[in-house]
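Open your viewer and get your selection tool ready. We will go from stop to stop, and at each one you will find out what to select next.

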Amino acid sequence: MDTSNLKQATYAGQRRSQRILLIIPVVVSGTRPNGTPFAERAETRVVNAHGALVVLKQAVSLGQKLKLTNISTNQEEACAVMDLNLGRGAEREVGVEFIEPSPYFWHVAFPPVDWTPRSPEAKRFKSPVPVEKK
């Protein structure tokens with residue numbers, strides 16, 4: 001039995017790194033289509049070792065190269081726009097991917113790739129507040 005397709009299917013739905021819902025202030029900078037530079041203070045909504053979901057007012061296009069600066073550390077990373085979703089009003093949710101993976105850019109510890117809420121370590125959490133059973 002050829003298992004190569006099975007292996008590809010197993011990994012096709014997996015992400016390269018876990019996502020974390022995290023708001024981090026950043027500065028997104030780049031160049032407008034007319035050649036003028038821009039820099040916008042923004043926030044992440046989701047981060048991972050390969051990029052982030054950022055809320056922007058500045059219009060950007062798929063594939064556009066940007067620079068992300070983590071305001072708290074002043075660390076900079078080059079990235080590219082990989083996804084665009086119109087948000088509320090003038091805001092856009094922009095998915096960016098680092099040109100080179102940068103798991104330490106966010107200064108958080110990411111769960112292992114195979115982690116799920118069903119993992120044994122996830123079940124070790126004990127709520128500080130007793131939960132009533134019905």
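Select Phe 105 to begin: in this predicted model, its relative accessibility is 0%, so Phe 105 counts as buried (under 20% relative accessible area; exposed is over 50%, partly exposed in between, with a 1.4 Å probe and protein chains only). Now add Phe 98, which is also buried, with a relative accessible area of 4%. How do the rings of Phe 98 and Phe 105 sit relative to each other? Their centres are 5.3 Å apart and their planes meet at 65°, so the pair is edge-to-face. Rings of Phe, Tyr and Trp (its six-membered ring) pair if their centres lie within 6.5 Å; planes under 30 degrees apart count as stacked, over 60 as edge-to-face and the rest as tilted. The structure holds 3 aromatic pairs. Add Trp 106 to the selection, and you have one aromatic cluster made of Phe 98, Phe 105 and Trp 106.

A word on the ground rules: residues are numbered from 1 along each chain as its sequence is written, and side-chain values use heavy atoms, without hydrogens and water. Because the model is predicted, local features need pLDDT of at least 70 and side-chain atom pairs count only at pLDDT 80 or more, while totals for chains, interfaces and linings use all residues.

Keep Trp 106 selected and add Val 26, Val 28, Val 54, Leu 66, Leu 68 and Val 96: these residues have the most contacts inside the largest nonpolar core, which has 19 residues. Such a core is a set of buried Ala, Val, Leu, Ile, Met, Phe, Trp, Tyr and Cys residues joined through side-chain atoms within 4.5 Å. Strands supplying at least two residues each include E2 (25–31), E5 (65–70) and E7 (92–98). In soluble globular proteins, nonpolar side chains tend to be buried together.

Zoom in on Leu 66. Beyond its neighbours within four places in sequence, Leu 66 is in contact (heavy atoms within 4.5 Å) with residues including Val 28, Phe 38, Val 81 and Val 96.

Next, colour by secondary structure. The chain has 1 helix and 7 strands, which are DSSP runs numbered from the N terminus (helices H or I, at least four residues; strands E, at least two). Select E5 and E6, which pair in the antiparallel sense over 6 bridges; pairing requires at least two DSSP bridges between two strands. Here Leu 68 has Glu 77 in E6 as its bridge partner. The hairpin of E5 and E6 has 4 residues between the strands, and Asn 74 takes a positive phi near 65° there. Add E7: 7 bridges join E6 to E7, again antiparallel, and Val 81 stands opposite Val 96 in E7.

Our last stop is about charge. How many salt bridges does the structure hold? There are 2 salt bridges (a side-chain nitrogen of Lys or Arg within 4 Å of a carboxyl oxygen of Asp or Glu). Select Arg 45 and Glu 43, whose side chains meet in one of them at 3.1 Å, N to O. Arg 45 is partly exposed, with a relative accessible area of 30%, and Glu 43 is partly exposed at 37%. Then select Glu 76 and Lys 67, which meet at 3.6 Å, N to O. Glu 76 is partly exposed at 44% relative accessibility, and Lys 67 is partly exposed at 32%.
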